[in-house]
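Thanks for coming. Please have a look at the model on the screen, and then I will go through a few places in it.

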Amino acid sequence: MSERIKDYWNQRASENSGSLTATTQDIWLRRLEVACLIGMIERLNLPAGAQIADMGCGDGNTILQLARQFPELNFLGFDYAPQMIETAQAQLAALGGLAGRVKFSVGDVNDPVASAGAGQLDVAMTDRCLINLETSAAQYAAIAGIAKCLKPGGVYLAIENFHEGQNAMNMTRAAAGLPEIAVRWHNHYFHEADFRTQTAQHFASLEFQEFSSAYYYATRVIYSAMCKLQGVEPDYDHPIHQMAVRLPMMGNFSPIRLAVLRKAG
Ligand SMILES: C[S@@+](CC[C@H](N)C(=O)[O-])C[C@H]1O[C@@H](n2cnc3c(N)ncnc32)[C@H](O)[C@@H]1O
């Protein structure tokens with residue numbers, strides 16, 4: 001199964017090279033994720049030269065945007081799909097001027113220390129990466145490894161999927177006469193209670209940000225219900241997506257949320 005998941009990502013990289021659709025069809029969700037990460041990194045007020053790693057960085061788009069936004073910070077991105085890293089390196093070369101501060105390599109989040117080193121990072125990030133690991137045990141072992149990569153006081157920003165938001169979204173869809181959206185074949189979601197217990201072993205604090213809740217409510221419930229009434233298929237290019245990224249953080253109607261975890265100083 002794990003080879004099948006890696007093949008899936010390599011294939012997506014080949015078929016969507018240079019397009020935001022490399023890691024999801026929902027390109028406005030990707031933009032919303034990057035906006036959320038930029039807001040968080042601004043809030044962290046990192047010193048010049050701080051090191052950020054994106055683990056499971058895909059085509060590197062997030063890192064390249066962050067590197068342009070934060071010219072005083074250094075970035076490392078790694079992904080186990082070589083074709084994703086090829087795309088990331090091609091985009092880095094095409095942009096020019098960032099090579100001294102941005103590095104991409106092939107690496108596995110099951111052993112993050114091998115790619116990022118122990119105690120080297122100010123910030124570690126995963127964005128819809130750990131949900132590709134097949135078991136909760138593998139996910140929490142990866143999180144233990146990520147904690148080892150961080151300096152004391154370092155921060156792990158985890159944009160990952162949880163059952164609680166998925167269930168709330170599906171309950172709301174059911175009320176609107178819509179079918180359940182199932183967890184995809186290659187994904188394994190977190191349960192909030194386990195996440196809290198497991199991460200408390202490595203991190204001193206945890207805060208959730210429901211950055212995509214209103215976006216999901218607008219696009220996966222209201223817009224989907226409108227499509228059903230009109231007898232048309234939902235379309236990720238419909239302008240409601242562009243409008244919905246501006247909605248404020250409220251509710252818990254999305255599987256995808258940001259967990260901000262800080263290591264003890
Ligand atoms: C949904 S994509 C997200 C990519 C990127 N983080 C983004 O936000 O666009 C998931 C990524 O995780 C990578 N991935 C999955 N399992 C991994 C692992 N064990 N080690 C490293 N990368 C992994 C996949 O190759 C893929 O690029």
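Leaving aside its neighbours within four places in sequence, which residues is Met55 in contact with? Before I answer, note that this is a predicted model.

The list for Met55 is Phe78, Val109, Pro112, Ala124, Met125, Thr126, Cys129 and Ile146, again leaving aside neighbours within four places in sequence. Met55 itself sits in strand 1. Is Met55 buried or exposed? There are 28 other C-beta atoms within 10 Å of Met55, and the cut-off for buried is 20 or more, so Met55 is buried. One pair to look at here is Met55 with Tyr80: in sequence they are 25 residues apart, while in space their C-alpha atoms are 9.2 Å apart.

Now a second strand residue, Arg262, which belongs to strand 7, residues 256–262. Arg262 has 16 other C-beta atoms within 10 Å, which makes it partly exposed. Setting aside neighbours within four places in sequence, Arg262 is in contact with Gly153, Val155, Phe203, Ala204 and Ser205. For Arg262 and Ala147, the separation is 115 residues along the sequence and 9.1 Å from C-alpha to C-alpha.

Next, the ligand. How many residues surround it? The number is 19, and the closest are Trp9, Thr23, Gly56, Gly58 and Asp127. Sorted by class, this shell contains seven nonpolar, seven polar and five charged residues.

Trp9 comes up again when we turn to the helices, as one of the helix 1 residues that meet helix 4. Helix 1 covers residues 2–15 and helix 4 covers residues 82–95; the two pack at an angle of about 30 degrees, and their axes are 7 Å apart. On the helix 1 side we have Trp9, Asn10, Ala13 and Ser14, and facing them on helix 4 are Pro82, Gln83, Met84 and Thr87. This contact divides into four nonpolar, four polar and no charged residues.

The other helix pair is helix 7, residues 163–175, with helix 9, residues 213–230. Their axes come within 10 Å and cross at roughly 30 degrees. Angles under 35 degrees count as roughly parallel, so helix 7 is roughly parallel to helix 9. The crossing of helix 7 past helix 9 is right-handed. Helix 7 contributes Gly165, Met169, Thr172 and Arg173 to the contact, and helix 9 contributes Ser213, Tyr216, Tyr217, Arg220, Val221 and Ser224. By class, that gives four nonpolar, four polar and two charged residues.

Last, some backbone angles. Most residues other than glycine have a negative phi. Which way does the phi of Asn45 go, positive or negative? Asn45 is not a glycine, yet its phi is positive, about 55 degrees. Asn45 is in the loop between helix 2 (27–44) and strand 1 (51–55). With 7 other C-beta atoms within 10 Å, Asn45 is exposed.

Arg128 also has a positive phi, near 50 degrees, and is a residue other than glycine. You will find Arg128 in the loop between strand 4 (121–127) and helix 6 (136–149). Is Arg128 buried or exposed? Arg128 has 20 C-beta neighbours inside 10 Å, and 20 or more is what the label requires, so Arg128 counts as buried.

To recap the two loop residues: Asn45 is exposed, whereas Arg128 is buried. That is the end of my part.

Conventions. Residues numbered from 1 in each chain as written. Predicted model: local features only at pLDDT ≥ 70, side-chain atom pairs only at ≥ 80, totals over all residues. Near = placed C-beta within 6 Å. Nonpolar A, V, L, I, M, F, W, Y, C, P; charged D, E, K, R; others polar. Axes fitted to C-alpha atoms, helices over the stretch in contact; angles between N-to-C directions. Helix = DSSP H or I, 4+ residues; strand = E, 2+ residues; numbered from the N terminus. Parallel < 35°, antiparallel > 145°, perpendicular 65-115°, else oblique. Left-handed = near helix turned anticlockwise from the far one by under 90°. Contact = placed C-beta atoms within 7 Å. Buried ≥ 20, exposed ≤ 12 C-beta atoms within 10 Å, placed from the backbone.
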